[in-house]
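Please read the following report alongside the sequence and the coordinates. It concerns a predicted model, and it follows a few side-chain pairings and their surroundings.

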Amino acid sequence: MLPESSIGVGLRVAQRIRVLIEVAGSPAVGHRVEYQHGWATVSCGLATTLPEAGMDRNDLIVRADAALYEAKAEGRNRVCVAQGLTEGLPV
């Protein structure tokens, strides 16, 4: 949760988390590893909304979850934004 943040801020935070986990989960320098798929990675789904009366809070979670599954389907270790969020919004 990043209150009062733009999509751009959310993307930067999610990408930073993704990279930090990738670096932390990679083998130590000089350590030979032949099984790359054992490295730690993370996929992130990003969704944003402006709160309004009567809105269903679960809708935000559903959209973020859909973006997460999109990231996994595209090959994992990536960040995806929920459909329609980048159109016309400031980043």
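## The pair in helix α2

R63 and D59 both belong to helix α2, where they are 4 residues apart, about one turn of the helix, and in this predicted model their side chains form a salt bridge whose closest N and O atoms are 3.4 Å apart. R63 has a relative accessibility of 22% and therefore counts as partly exposed, since buried would require a value under 20%. D59 is likewise assigned to the partly exposed class, because its relative accessible area of 37% falls between the cut-offs of 20% and 50%.

## Helix α2 and its ends

Helix α2 covers residues 57–73, and its 17 residues, at 1.5 Å a residue, should span 24 Å; the C-alpha atoms at its ends are 25 Å apart, which agrees with that expectation.

At the N-terminal end, α2 is capped by D56, a side-chain oxygen of which lies 3.1 Å from the backbone nitrogen of N58. After the helix comes G75, whose phi is positive, near 125°.

## The pair in helix α1

The structure holds 2 salt bridges, and besides the pairing of R63 with D59 there is one between the side chains of R18 and E22, at 3.3 Å from N to O. R18 and E22 both lie in helix α1, which comprises residues 7–25, and they are 4 residues apart, about one turn of the helix.

How is R18 classed, as buried or exposed? R18 counts as buried because its relative accessibility of 14% is under 20%, whereas E22, at 29%, counts as partly exposed. When neighbours within four places in sequence are left aside, R18 is in contact with V42, N77, R78 and V79.

## T49 in the loop before α2

T49 is placed in the loop between β1, residues 44–46, and α2, and with a relative accessibility of 32% it counts as partly exposed, because that value lies between 20% and 50%. Not counting residues up to four places away in sequence, T49 touches M55, L60 and R63; R63 is also the residue that forms the salt bridge with D59.

T49 can also be located relative to E4, which is 45 residues away along the chain, the C-alpha atoms of the two residues being separated by 9.7 Å.

Terms used
Residues numbered from 1 in each chain as written. Predicted model: local features only at pLDDT ≥ 70, side-chain atom pairs only at ≥ 80, totals over all residues. Heavy atoms only, no water. Helix = DSSP H or I, 4+ residues; strand = E, 2+ residues; numbered from the N terminus. Expected span 1.5 Å × (residues − 1). Polar contact = N/O pair within 3.5 Å; in protein donor to acceptor, adjacent residues only side chain to side chain. Salt bridge = Lys/Arg side-chain N within 4 Å of Asp/Glu carboxyl O. Buried < 20%, exposed > 50% of the residue type's maximum accessible area, 1.4 Å probe, protein only. Contact = heavy atoms within 4.5 Å.
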